[in-house]
Every structure is written in C-alpha cells, then in structure tokens.
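Let's take a walk through a protein together. Have the sequence and the 3D view ready, and turn the model as you read.

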Amino acid sequence: EAIELPQSITLDRAYPNPFNPATTLTFSVPEDINVILQVYDINGRIISKLIDNKMKAGYHSIVWNSDKCSSGLYFVQMIAGDFIHTQKLILVK
C-alpha cells in the first residue's frame, strides 16, 4: 500500500514540550528538498544543527537530546526552500 505524500512543508509541534531531556521534532516535505533544522538558545546562538542535507519527500522525525544544555527557552528553526518556521522549546530539568 502506497503512503500518500504530504501536500505542503510542515514543522509540527515538538512533543513533548516542555521536555526533559529529549523532544521529538516531526516535519514533512512534499518533494526532495534541502532541509536545515537547528536549535538556538535565547541569545540566538546555534546550539545544535540537527539536519542540514537533502531530505526525500515524505514524513520525517528527529529527536533532540538536550542533556548537555541547561534549563530554559530554546528555539527550533526549519528552513526548506522558501519555507521558514520557528517554534519555542522549553527545557525543564
């Protein structure tokens, strides 16, 4: 049975959020495209570059393990073509 491809690029809400120490980031792309997915701290510094390569069309997920980070507010940003989306992450230790 064929899996239907997504109709648009999306970055779903991180789950769980708030989290400790890991959260899952799920996203979809309707075509093969270069994807950048990175985590920033409150000062705008890149903490972790999770993905920076061409992804196949479909549904994807990646786990961010923040065990080396301190509690606080972080941001995850996804860039794929013209699509740019940023969301808040709250790490509670």
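We will go from the overall picture to the two sheets, and then to a few single residues.

A word on the source: this is a predicted model, in which local features need pLDDT of at least 70 and side-chain atom pairs count only at pLDDT 80 or more, while totals for chains, interfaces and linings use all residues. Residues are numbered from 1 along each chain as its sequence is written, and side-chain values use heavy atoms, with hydrogens and water left out.

Let us begin with the whole protein. It has 0 helices and 7 strands; here helices (H or I, at least four residues) and strands (E, at least two) are DSSP runs, numbered from the N terminus. Reading from that end, the elements follow one another as β-β-β-β-β-β-β. The radius of gyration is 14 Å, close to the 12 Å that the globule rule gives for 93 residues, so the protein is as compact as a globular protein of that length. That radius is taken over C-alpha atoms, and the globule rule is 2.2 Å times the number of residues to the power 0.38. Along the principal axes, the C-alpha atoms fill a box of roughly 40 × 25 × 15 Å.

How much of the protein is buried? Of its 93 residues, 37% count as buried, where buried means under 20% relative accessible area, exposed over 50%, and partly exposed in between (1.4 Å probe, protein chains only). Contacts tell us about the chain's path, too: among those between residues at least 6 apart in sequence, 57% join residues at least 24 apart. A contact means heavy atoms within 4.5 Å.

Now for the sheets. Strands of a sheet pair through backbone hydrogen bonds, either parallel or antiparallel. In this model, two strands are said to pair if DSSP finds at least two bridges between them.

Look for the open sheet of 4 strands, which has the order β4-β3-β6-β7 and antiparallel pairing. Its edge strands are β4 (46-55) and β7 (83-91), each of which pairs on one side only. From one strand to the next, the twist averages 15 degrees; the axes behind this value are lines fitted to C-alpha atoms, for helices over the stretch in contact, and angles run from 0 to 180 degrees between N-to-C directions.

Strand β3 is a good one to follow. On one side, 8 bridges link β3 and β4 in the antiparallel sense, and L37 has I51 in β4 as its bridge partner. These two strands form a hairpin with 5 residues between them, and G44 in the turn has a positive phi of about 85 degrees. Strand β3 (residues 33-40) is also joined to β6 (residues 72-80) by 5 bridges, again antiparallel. There, Y40 stands opposite F75 in β6.

The other open sheet has 3 strands in the order β1-β2-β5, with antiparallel pairing. Which strands lie at its edges? They are β1 and β5 (58-65), and each pairs on one side only. Strands β1 and β2 are joined by 2 bridges, and T10 has S28 in β2 as its bridge partner.

Next, find the loop between β1 (10-11) and β2 (22-29), where P16 sits. The peptide bond from Y15 to P16 is cis, with omega near -10 degrees. P18 is placed in that loop as well, and the bond from N17 to P18 is also cis, with omega near 10 degrees.

What does T23 in strand β2 touch? Leaving out residues up to four places away in sequence, T23 touches A14, Y15, P16, I62, V63 and W64. T23 counts as buried because its relative accessibility is 1%. Its side chain reaches the backbone oxygen of P16 at 2.7 Å, a polar contact (a pair of N or O atoms within 3.5 Å; within protein, one must be able to donate a hydrogen and the other to accept it, and residues adjacent in sequence count only if both atoms are side-chain atoms).

Finally, visit the two edge strands of the 4-strand sheet. I90 is found in β7 and is partly exposed, with a relative accessible area of 38%. Neighbours within four places in sequence aside, I90 is in contact with N17, P18, F19, G72 and L73. N53 lies in β4, and it counts as partly exposed because its relative accessibility is 39%. With the same kind of neighbours set aside, N53 is in contact with I33, N34 and V35. The C-alpha atoms of N53 and V35 are separated by 5.7 Å, although the residues are 18 apart along the chain.
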